[in-house]
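User: Got a model open here and I'd like to talk through a few of its details. Could you take my questions one at a time?

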Amino acid sequence: MHTEEVLKATRTGLWRWDSATGTSTVDVRTAALLGVPFRQGEATDRAERSLTVAGPGSDAPSDTATEPGLAPGPVSGEGTMTLAEPFIRTRIHFADYVELTAAANLALSEWTVVESVLRVVDENSEPVRSIRLRMTPVEEKGTLSLIGTVSQIPDQPATESPSQVGEGRQHNREAFLLHTGRAFAEARTTAEVLRVAGSLVIPGLKPRALAVFSLERGRLTLVGPAAQRPVPRHLLPYMDMPAEADHPAAVVVRTGRPVYLPAPEDYRREFPDAWPEAERIGNRGWAWLPLTVSRRVLGAWMVAFPEPMEFTREARALLTSIARMLAQALSRTSMHEMELQLSSGLQRTLRPTRKPGIEGMKLAARYVPSGDGLEVGGDWYDVIPLPSGRTALVIGDVQGHDVRAAGIMAQLRIALRAYAAEGHRPDAVLARASRYLAGIGRPEVMTGSEDERAGSAAGAPEPAVPEPPPAGEPDGEPTGEPDDGAAGGPPDDDRFATCLYMEADPVTGTLDVARAGHPDPAIWLADGTMLIRATAGGLPLGVAPGTEYPTTRLVLEPGETLLACTDGLIEIGGHTMDTGWRRIRTVFKEQSAGDTGTPADLEGFADALIGSVQQPPGENAGPLEDRRADDIALLLITLDPAYAAERAAAASGVSRRTTFTVAQAEPDRIGEARHQLQGMLFDWESEDQIDGAVLMLSEMLTNVLVHTEGDAVVVAEASGKRGARLLRVEVSDTSDALPHRRTPGELASSGRGLMMMEMLAGSWGVDPRGEGKSIWFEMRENVATPAWA
């Protein structure tokens, strides 16, 4: 037995409802039940879709039949037509349509079956028959739909009394207003509001045309319906008119009162100048209503009818309610769009106006606001040409995600550019910027007030330094009770900022980095290994004006890529610093060229990083999923291929290379150097050799800091194929004093460093240089016995 034969015998139709567009695809029997004229293969606004999950059509024979109560037409399993949502609303009692929509949305969310009884209405909104609908959710190609059957319910012999008929009409209007109010409330843009207004199907009324006029600067402009683009020729005279014109819309906005024109003679008598143009359009009844919000007229709404219209009290009340909802929706969306325009324009002026670039280096930069409403925030990046011929790269994050944060960011960005243009080194630039930020609104921080100077002379204690936020915590969020400042005074709104300032030299590939409470940069080595490069740093800008910011020198080798970003990129989606960096590492592997540290496309890599944080909520969420979104700024840097080729020849055969500086006044950074070497040797096959290399590096760095007065510079290189690689580690200093062997006693606490080098290194040595010396050791992977050179 064929399915088509069963449906035909039981007089049952098929109906598919698309949840994304609201359109319905029906067959011939469903179209007849809805009172829709049907022609074979007709589709109103989109391509035909299958009415069954298995596929379109049926192998049942096609014929032509006339069933009792149905309009004649072709009956075929392949005959379908697509109906737009407004058209469906004209065929179903509106109260039933509202209930059907709610049941359909619930069925899609809970994946259950929809069963409903609907009243089909005629052109006068009077019920003509009842149908039973049963549908089930399906998903095809990522689109959710409801598909099911439709059958007619036998006519009931009982008839409704006049009072029941009146109650039904009132219920229908109430359901319409509820549905329309919800549609206007869910509209997010002015275009969506106009689209809703242009598709209204008003119960009891049969409007032919709907139009919205906006009042701006004393002129009325036709703005809706949005679907009428280009504007029909007969509407061109109404595209723009002064508010003083002899036109119903102009009178409405001048007086704030509606104008009802039941028949053409009323229009001709009241507005003789505008009548010739209106007569050509062909409408026979008009209602013009003001769009008013808080006693302010925004424009006018026109409802035109094909026949003369008697505007009863119920009709006028219904139209007035719709006009109020339309005005509220237009006011809300236009205000929101103006705020977005203002904030986006402000943000564009605060960012670099030209695409950043550095001769000798390739650079990609991105900024993405948090999307919490106003698209402004405190994150920024900048590229600053320096008097020395080098280029400064800046990335920072001002506390907060509001307009004040954006304003402080603009001031701080200008201050950084000014200090950099004076030729200061990175540490001096950040020190001056910190004092500047702390002094915004507090001049005494810059110069010191008389009370502070008197207190210092009397030995008064220094004011307490506020603690910066814990590492990894989102900025801009209060952690306790708000600070109201002094009694009776305004609340304290001091802001701090994190910043990473890098001075780049593309010829040598060096980056002199100063950091103020900002996340460390990450470097992908030439073989694709990612290292978080620990750099020296100080407190965030503005916390303590006297903070020092030590400088760390990094060397960007050919094939390596550096990422500097704000914490929003790392911690987006509730990630911690650890899980966030793992997510970024995954994105890099997808974008990198093979197993190298250079992405195939730097701009594409930047887009992929941004795309990974703009996934739907819940996808790849971190352990702190409820944490809100944050602004994002990032910089990607790699050497230009032409510059990199020259340096790559000198480093031929080296698969990994990293440099690190330990200042004389920072002995605690020896631990960071050990972690850097461990990260570089993450896939070294012999763990004992890793421990030995880390121990020797620690010993060499300690000797430099104890026995010399300069800084230590570490260079570590790994070359060769995996399993037989050669590791070479050098520690350089500016002292000419060479290490020598000693014979320590049993209780001596030093003197065993060279003995340890002889036991653990495959080979080691000391190379005198023009200024200072270099101590080095080498070991080959999986070679246990020393092989001294």
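User: Let's start with Leu760: what is its relative accessible area?

Analyst: Keep in mind that this is a predicted model. Leu760 sits in helix 21, residues 753-760, and joins Leu695 and Met759 in a nonpolar surface patch of about 300 Å². Buried would need a value under 20% and exposed one over 50%. Leu760 counts as partly exposed, so its value falls in between: 35%.

User: And Thr566, buried or exposed?

Analyst: Thr566 lies in the loop between strand 24 (561-565) and helix 15 (567-571). Leaving aside neighbours within four places in sequence, its contacts include Asp379, Ile395, His518 and Asp631. Its relative accessibility is 0%, and therefore Thr566 counts as buried.

User: Moving on to charges, how far apart are N and O in the salt bridge of Glu277 and Arg280?

Analyst: Both residues belong to helix 9 (residues 275-281), 3 residues apart, which is about one turn of the helix. Glu277 is partly exposed at 26%, while Arg280 is exposed at 62%. Their side chains meet with an N to O distance of 2.2 Å.

User: Glu503 and Arg425 also form a salt bridge. How many residues apart in sequence are the parts it ties together?

Analyst: The closest N and O atoms of this pair are 3.1 Å apart. Glu503 is in strand 18 (residues 497-505), whereas Arg425 is in the loop between helix 11 (403-421) and helix 12 (426-438), so the pair links parts whose separation in sequence is 78 residues.

User: Which residues share a salt-bridge network with Arg425?

Analyst: Besides Glu503, Arg425 bonds to Asp512 in a salt bridge, with closest N and O atoms 2.9 Å apart. Asp512 lies in strand 19 (residues 510-516), so that pair ties together parts 87 residues apart in sequence. Asp512 is buried at 1%, and Arg425 is partly exposed at 39%. Through shared partners, the network joins Arg425 with Arg390, Glu503, Asp505, Asp512 and Arg553.

User: Last one, on the sheet in the order 11-10-9-14-13-12: which strands are at its edges?

Analyst: This open sheet has 6 strands with antiparallel pairing. Strand 9 (residues 209-216) and strand 14 (residues 296-305) are joined by 6 bridges, and in one of them Ser214 partners Gly299 of strand 14. An edge strand pairs on one side only, and that describes strand 11 (240-242) and strand 12 (259-261).

Methods
Residues are numbered from 1 along each chain as its sequence is written. This is a predicted model: local features need pLDDT of at least 70, side-chain atom pairs count only at pLDDT 80 or more; totals for chains, interfaces and linings use all residues. Side-chain values use heavy atoms; hydrogens and water are left out. Two strands pair if DSSP finds at least two bridges between them. Helices (H or I, at least four residues) and strands (E, at least two) are DSSP runs, numbered from the N terminus. Patches are made of residues with over 30% relative accessible area and no salt bridge: like charges are joined within 9 Å, nonpolar side chains (Val, Leu, Ile, Met, Phe, Trp, Tyr) within 5 Å. Accessible areas come from the Shrake-Rupley method with a 1.4 Å probe; for residues, only the protein chains shown count as cover. A salt bridge is a side-chain nitrogen of Lys or Arg within 4 Å of a carboxyl oxygen of Asp or Glu. Buried means under 20% relative accessible area, exposed over 50%, partly exposed in between (1.4 Å probe, protein chains only). Contact means heavy atoms within 4.5 Å.
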